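Visitor: Before we look at the model together, I would like to ask how each description of it is justified. Please set the values against the definitions as we go.

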Amino acid sequence: MNVFVTGGAGYIGSVCTEELLNAGHQVTVYDNLSEGHRAAVDPRAKFILGRPEEEGNILAAVKSVMPDAILHFAAFALVGESMTNPKKYFHNNFVNALKLADAAVECGVKKFVFSSTCATYGPPDRVPMTEDLPQRPINPYGESKLMFEKALLWYQQIYGLEFIAFRYFNAAGASDRFGEHHRIESHLIPNVLAVALGKKTQVEVFGTDYPTPDGTCIRDYIHIKDLAQAHILGLRPGKSGFFNLGNGDGYSVKQVIEMCEKITGKKIPSIAKPRRAGDPPKLVAAANKAFTELGWKPQYPKLEDIVKTAWSWHQKNPDGYPALMADGSPPKKNILFVEDNALIIQIYRSHLEKSGFHVEVAEDGLEAMRKLVPFKPDLVLLDLLMPKVDGTHVLKYIREQPSLKDTKVIILSDATIADAAHGAMALKPDRAFLKSECTLKQLLAAVRDLLKVSDAAKSAPIAEPTIQWPPAD
Ligand SMILES: NC(=O)c1ccc[n+]([C@@H]2O[C@H](COP(=O)([O-])OP(=O)(O)OC[C@H]3O[C@@H](n4cnc5c(N)ncnc54)[C@H](O)[C@@H]3O)[C@@H](O)[C@H]2O)c1
């Protein structure tokens with residue numbers, strides 16, 4: 001099948017994309033990278049960068065693919081944030097989702113699969129929770145998902161858009177290649193493993209006085225590879241409706257921490273915190289409907305296996321995904337060019353930018369010192385003679401800043417400033433060139449060498465300037 005996956009650069013979407021591709025489907029990932037990571041997009045998938053500011057873009061993107069099915073993972077998913085910024089949640093999770101459903105109808109998409117959530121139920125009347133329980137969300141996140149569930153029902157009835165809405169319980173675990181890396185991590189398992197990795201000192205346990213055997217909240221953890229399999233089964237024609245996806249087993253926060261200690265072999269300190277508003281004591285799925293109607297059977301139902309896969313991924317990726325540009329290339333290196341001569345700025349800037357660097361300019365040492373810490377350049381190209389604050393002071397400032405300890409410095413100055421050069425050389429710049437003698441080729445070679453840019457970029461041709469050199473003032 002030709003499948004369009006929104007949010008495929010996110011946690012669950014990345015693994016679903018991988019599993020869809022493994023199952024022989026053709027996948028286009030659509031993601032605006034607001035929360036996801038370009039490195040989390042399976043390289044076998046086509047990638048479209050979402051630009052929400054472009055009106056109608058989602059329709060254009062769907063039209064460019066004309067998919068058989070849409071899997072809609074893209075959403076904002078922080079319950080706490082939704083309580084302070086509901087607008088963000090209703091716009092993205094409902095309004096944008098509706099635009100996608102409209103595009104699906106217009107393009108004749110045969111199946112729409114939606115990532116819904118157990119948060120649509122609110123505090124349940126009974127557990128395990130079946131799909132027919134009343135839905136009374138207690139936060140804008142859950143409400144925004146419920147609103148779209150309702151819209152899907154009407155779209156199916158009136159436009160014939162066949163849909164499945166999966167109400168996930170707590171997604172967890174990882175595949176070999178893709179795992180959980182949220183910029184703001186609100187989920188328990190990655191937060192506990194962050195302590196095991198030494199990235200955090202302790203885990204916060206919100207509420208230790210719940211009516212549960214050990215006083216902490218009980219949740220149902222479901223492996224993301226199992227979630228992915230449910231989506232693949234849901235693509236078959238004729239399957240539609242609302243399905244809970246969970247294991248039907250609940251584990252308390254304390255049990256999860258103990259399991260993480262067992263798997264990692266590390267002591268994981270925790271600290272008791274007050275209950276969070278709106279956290280029900282126990283959320284456990286009854287997923288019988290998915291078992292019987294879709295033939296779904298979780299392959300990783302045990303918490304131990306879920307934590308093992310998550311730990312394995314976090315050990316391999318302790319800092320999460322590497323940063324990549326939207327086209328999948330490494331991010332541009334930043335250069336701060338400290339120079340007061342407009343012509344020199346113009347010449348070098350254009351060549352540095354053509355060579356793939358991002359360049360900011362400071363026309364005096366004082367301006368440079370203001371920009372340095374927030375911009376955090378990979379390299380500073382530094383003239384020594386400037387009107388207000390000279391380059392030697394700038395170099396001294398760079399050397400004193402702990403956040404700039406990896407910043408390289410190339411001095412590019414004149415022969416006439418021997419004294420200043422002497423002072424600056426004592427501060428050990430990484431390279432130093434005389435402006436009047438250094439060619440562009442030499443300078444760019446030094447920049448690339450210090451910044452360790454790729455061989456491909458190294459081979460880019462450099463045209464020497466044809467203008468008068470040195471420039472007449
Ligand atoms: N993680 C869970 O335990 C869980 C539980 C229940 C439901 N869900 C739902 O599952 C889905 C995926 O969750 P996740 O944990 O992978 O979240 P995630 O934040 O890791 O992934 C969401 C992805 O959607 C993208 N995105 C958001 N808005 C977008 C937009 N307007 N256009 C294009 N891309 C956009 C983000 O950049 C991100 O890559 C969400 O809809 C979430 O509500 C998750």
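Guide: A crossing is called left-handed if the near helix is turned anticlockwise from the far one by less than a right angle, and right-handed if it is turned clockwise. What you see is a predicted model, in which local features need pLDDT of at least 70 and side-chain atom pairs count only at pLDDT 80 or more, while totals for chains, interfaces and linings use all residues. Residues are numbered from 1 along each chain as its sequence is written.

Visitor: What makes the packing of α8 and α10 oblique?

Guide: Helices here are DSSP runs (H or I, at least four residues; strands are E, at least two), numbered from the N terminus. Helix α8 covers residues 253-264 and helix α10 residues 303-316, and they pack at an angle of about 60° with their axes 10 Å apart. Axes are lines fitted to C-alpha atoms, for helices over the stretch in contact, and angles run from 0 to 180 degrees between N-to-C directions. Angles under 35 degrees count as roughly parallel, over 145 as roughly antiparallel, 65 to 115 as roughly perpendicular and the rest as oblique; α8 and α10 are therefore oblique to each other. Their crossing, α8 over α10, is right-handed.

Visitor: Which residues make that contact of α8 with α10?

Guide: From α8 come Met 259, Cys 260, Ile 263 and Thr 264, and from α10 come Leu 303, Glu 304, Val 307, Lys 308 and Trp 311. Two residues are in contact if their C-beta atoms, placed from the backbone, lie within 7 Å.

Visitor: Why is α6 also called oblique to α8?

Guide: Helix α6, residues 188-196, packs against α8 at an angle of about 45°, with the axes 10 Å apart, and that makes α6 oblique to α8. The crossing of α6 and α8 is right-handed. On the α6 side the contact includes Leu 188 and Val 192, and on the α8 side it includes Val 256 and Cys 260.

Visitor: Which residues come nearest to the ligand?

Guide: Among the 27 residues around the ligand, the nearest are Gly 7, Gly 10, Tyr 11, Gly 36 and Ala 75, where near means a C-beta atom, placed from the backbone, within 6 Å. α1 gives the most to this shell, with three residues.

Visitor: How confident is the predictor in the chain?

Guide: On the pLDDT scale, the predictor's confidence in each residue from 0 to 100, the protein chain has a mean of 92, and 93% of its residues reach 70 or more. Over residues 455-460, however, pLDDT stays under 50.
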